Amino acid sequence: MTVLVLLMPIFLIALPARCRQKPAAAHSTARLVRFRNALPGVAYVGSKTCAECHPDIYDSFIKTDMGHSMSLPGEWANFGELQAPVRIKHPKANRYYEVYRRGSELYQSEYELDAEGGEIFRDEHKIDYVVGAGANGLTFIVRRGDFLFEAPLSYYSRAKAWDLSPGYKQGDYGFNRPIPADCIQCHSGRPQPVENTDGRFKNPLFLELPIGCENCHGPGALHVEERRKAAPLAGNLDRSIVNPAKLPGWLADNICMYCHQGADARPLMPGKSYGDFRPGAPLTDTLAIFAVPFDRHSPPQEPLLQHFALMSLSQCYLKSGGKMSCITCHDPHHQPAANEAPAYFRSKCLTCHNDKSCMVPLKVRLSNTPPDNCVGCHMPKQSLREISHSSLTDHRIPARPGEPLPEIAFHLTTPELPDLVHLDAVPKSPTRPIPPVTLFRAYGELVASYPQYITRFNSLLDLLAQSENNNAFILSSLARRKMNEGTTESAAAASDYFQQAVRAGSTDTFDIEQVATVQEEAGRTQDAIATVIHGLTVNPYSPRLYRLLAALYISAKEYNDALKTMKKDLALFPEDSFIRSLLKKAESGNAPGPPGTK
């Protein structure tokens, strides 16, 4: 620990006079610049088209972490530095994972050993995509048909070692953990996820692999067309392409918040998908970001995707009069090297502060390594509980370690929304009501961890049951609530709701299972089989549905189809010990059906 860090508790940063002003009540929207490519319908052109006229900016950007946020394995710059082969054992299961190379390709496999050390199964997959630039680490994706799944091993840069991917220590997911649309949208340039499915993508899966120019500037077709024609500008600003530096701070921050502000709930607005967001338009038009109000006794413990929320509670932000934004300190087109970063960000601090702002003696500051490092004390790295071996910068910019949250942090709710903080609400504008279905989804995301929201969840569900009676999500929620009541009458009502949900288009595996189970119990086995087969068209990598289908075929005494289903299940999910055991019995004549049925 440096001398400077030890001295920090007794010294405060002195803010220059131009920053010592009352916190801005809210950002003004009066000077909002309307960029025409923020409107729907403008086409994308890809970053390489931008590079034709902006080669220097493009060459600088592609060297940043965002510029190579996702890549093909053979194209990843440091591919050869990854240690391989490596074997990792799951701490809670008798499973092993390996990563290894075959020529220019990278593979991962999962396998299990019997008591004699022989392999019970091995599931091997070629790595198709590398996620991350390596700042904290790398995660890997495998493709199975039109679906993308996370690989079980990730590489962690700080530890310089392979370990289980995030979440895998809590569960044995193998190669069956789908990549959701909200995650891939921020790790890639222009993915094409299929709406209302889990892990399925259109072809091609990506129209641009890494994050590119249009992620922050919006679609470029209008700008390219007008500039190639040398069309005259209407005024002194080109409004055919978003320039974040010309936006009000809050609206520029919305662009960053889309990926750099997680929260307790991030539901989409009705009729919207993640790909609908356009830089230059309010983020809340596409999705709402909600946080549980801060508790004086339980402040946020880690900075995982809390960049904007924490920055907005810093004294730097509060006392800037609304002038500070993400791009005050970050230039998305340029990322300083690690050894350049302390001086680079110190220069950003000195745009508001000066050498006398810090009351730690200059001699002490200069004796540290690196010397005079503002962010080392005021934006320390914090370890992440959810992602092993990783850390992120604390953007609250505390003047001293342990500095409490400012009083304003406990007054962020509104009379219209007294129990949640709407982080991406449009500031200083007439309050726009949040659609009930969006709020309902938010409370639905929260109730498991915050039981105090169950009353609001149920009241909104009752409201929406009247107005959204053909909404698959609402019908499924009604079914689950009835199921939890535990009475004969509620079970019958739940069954009816599940069937309505599936008819309304639900692709949820649980909903499909419930409908098939009800049909089977009513003696309609062929209907149940048809329901599961339909479910497998939208969830072709669901081991639960294959198990259910095999059981239904056995119930219908269609043993050949049952065997085919079990064999297909094991071909897709060789780790499925239940089906492996059942198939072994069936082939030996010990399972239901004619002996020796093949």
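Begin by selecting strand 7 together with strand 8 (residues 147–150) in this predicted model; the two strands run antiparallel and are joined by 4 bridges. Within this pair, Ile141 stands opposite Glu150 in strand 8, and the two strands form a hairpin with 2 residues between them, where Gly145 in the turn has a positive phi of about 65°.

Keep strand 7 (residues 137–144) selected and colour its residues by burial, since the strand is mostly covered, with 7 of its 8 residues buried.

Next, add strand 6 (residues 129–131), which runs antiparallel to strand 7 and is joined to it by 3 bridges. To find one of these pairings, select Tyr129, whose bridge partner in strand 7 is Ile141. Strand 6 and strand 7 also form a hairpin, this one with 5 residues between them, and Gly132 in its turn has a positive phi of about 115°.

Then bring in strand 9 (residues 153–156), which is antiparallel to strand 7 and linked to it by 2 bridges; here, Leu138 has Tyr155 in strand 9 as its bridge partner.

From strand 8, move on to helix 19, because strand 8 is included in what covers the buried residues of that helix, as are helix 18 (509–521) and helix 20 (543–555). Show the side of helix 19 that is buried by selecting Thr525, Ala528, Ile529, Thr531, Val532, Gly535, Leu536 and Val538. How far apart are the end C-alpha atoms of helix 19? They are 21 Å apart, which agrees with the span of 20 Å that its 14 residues (525–538) should have at 1.5 Å a residue.

Now select the largest nonpolar core, which has 34 residues, and label Leu247, Tyr258, Leu283, Leu287 and Leu423, the members that touch the most others in the core. Helix 7 (249–260), helix 8 (307–311) and helix 11 (341–349) each supply at least two residues of this core, and helix 7 gives the most, with 6 residues.

Centre the view on Leu423 and display what surrounds this residue: leaving aside residues up to four places away in sequence, Leu423 touches Met257, Gln261, Gly262, Ala263, Ile289, Ala291, Phe308 and Ala309.

Finish at a second, separate core, which has 31 residues and can be located by selecting Val502, Ile512, Leu549 and Leu583, all of which it includes.

Note on methods. Residues numbered from 1 in each chain as written. Predicted model: local features only at pLDDT ≥ 70, side-chain atom pairs only at ≥ 80, totals over all residues. Heavy atoms only, no water. Core = buried A, V, L, I, M, F, W, Y, C linked by side-chain atoms within 4.5 Å. Buried < 20%, exposed > 50% of the residue type's maximum accessible area, 1.4 Å probe, protein only. Contact = heavy atoms within 4.5 Å. Pairing = 2+ DSSP bridges. Expected span 1.5 Å × (residues − 1).
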